[in-house]
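Good morning, colleagues. I would ask you to look at the model on the screen while I go through its main features.

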Amino acid sequence: MAGTIEQKLSTMGITLHQPNAPVANYVGFVRTGNLLFVSGQVCNNPEGKLIAKGKLGAGVTMEQGVAAARGCAINLLAQVKMALGDLDKVARVVRLGGFVNATPDFLEGPKVLNGASDLMVEVFGEKGRHARTTVGVAALPADAAVEVEAIFEVS
């Protein structure tokens, strides 16, 4: 039976899929003590296609960027589910680190990353509130528009 958090995701129309395997010499997550570090997740949908491809400020709209960040957050949760077996073991979301594929003059990266932050708060409530960094970058793997990494406190 699915836990409380997965039931909440289900009511939101979100089904967690099998996470993508890492594309280089790293792992999807590392647990040390009560912290779970999840590697950066690009904005793939469950079929493995990018939700948004290219740069914010040059073809990718704000709405597409926010949707891409939300997709990254869903992929983070899929990694957490794989690591813990139960999302109810998340004590809190500690930190998100976001990378926005953007032109040098695009200054709205934090608004893009709200797509990921808003999902974490919607899913976990107050324990979903987190510290965050957003960085605009010149390129991301596969020309993804957004990548997000995370740290979770877990039980």
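Ser117 is located in helix α3. Please bear in mind that this is a predicted model. Is Ser117 buried or exposed? With a relative accessibility of 8%, Ser117 falls under the 20% cut-off, so it counts as buried. Which residues does Ser117 touch, once neighbours within four places in sequence are set aside? Its contacts are then Leu96, His130 and Arg132.

Let us turn to the helix itself. Helix α3 spans residues 109–124 and lies across β5, β6 and β7. Its direction makes an angle of about 160° with β5. Another helix, α2, comprises residues 62–84 and lies across β1, β2, β5 and β7. Relative to β2, helix α2 runs at about 140°.

I come now to the sheet. The strands β1-β2-β7-β5-β6, in that order, form an open sheet of five strands with mixed pairing. Why do β1 and β6 each have one side without a neighbour in the sheet? Strands β1, residues 29–32, and β6, residues 131–137, stand at the edges and have a single partner strand each, so one side of each remains without a neighbour there. On average, and ignoring direction, neighbouring strands of this sheet are turned by 15° against each other.

One pairing deserves a closer look. Strand β2, residues 35–42, pairs with strand β7, residues 146–154, in the antiparallel sense, and six bridges join the two. Within this pairing, Gln41 has Val148 of β7 as its bridge partner. As a general reminder, strands of a sheet pair through backbone hydrogen bonds, in either a parallel or an antiparallel manner.

Definitions and conventions
Residues are numbered from 1 along each chain as its sequence is written. This is a predicted model: local features need pLDDT of at least 70, side-chain atom pairs count only at pLDDT 80 or more; totals for chains, interfaces and linings use all residues. Side-chain values use heavy atoms; hydrogens and water are left out. Two strands pair if DSSP finds at least two bridges between them. Helices (H or I, at least four residues) and strands (E, at least two) are DSSP runs, numbered from the N terminus. Axes are lines fitted to C-alpha atoms, for helices over the stretch in contact, and angles run from 0 to 180 degrees between N-to-C directions. Contact means heavy atoms within 4.5 Å. Buried means under 20% relative accessible area, exposed over 50%, partly exposed in between (1.4 Å probe, protein chains only).
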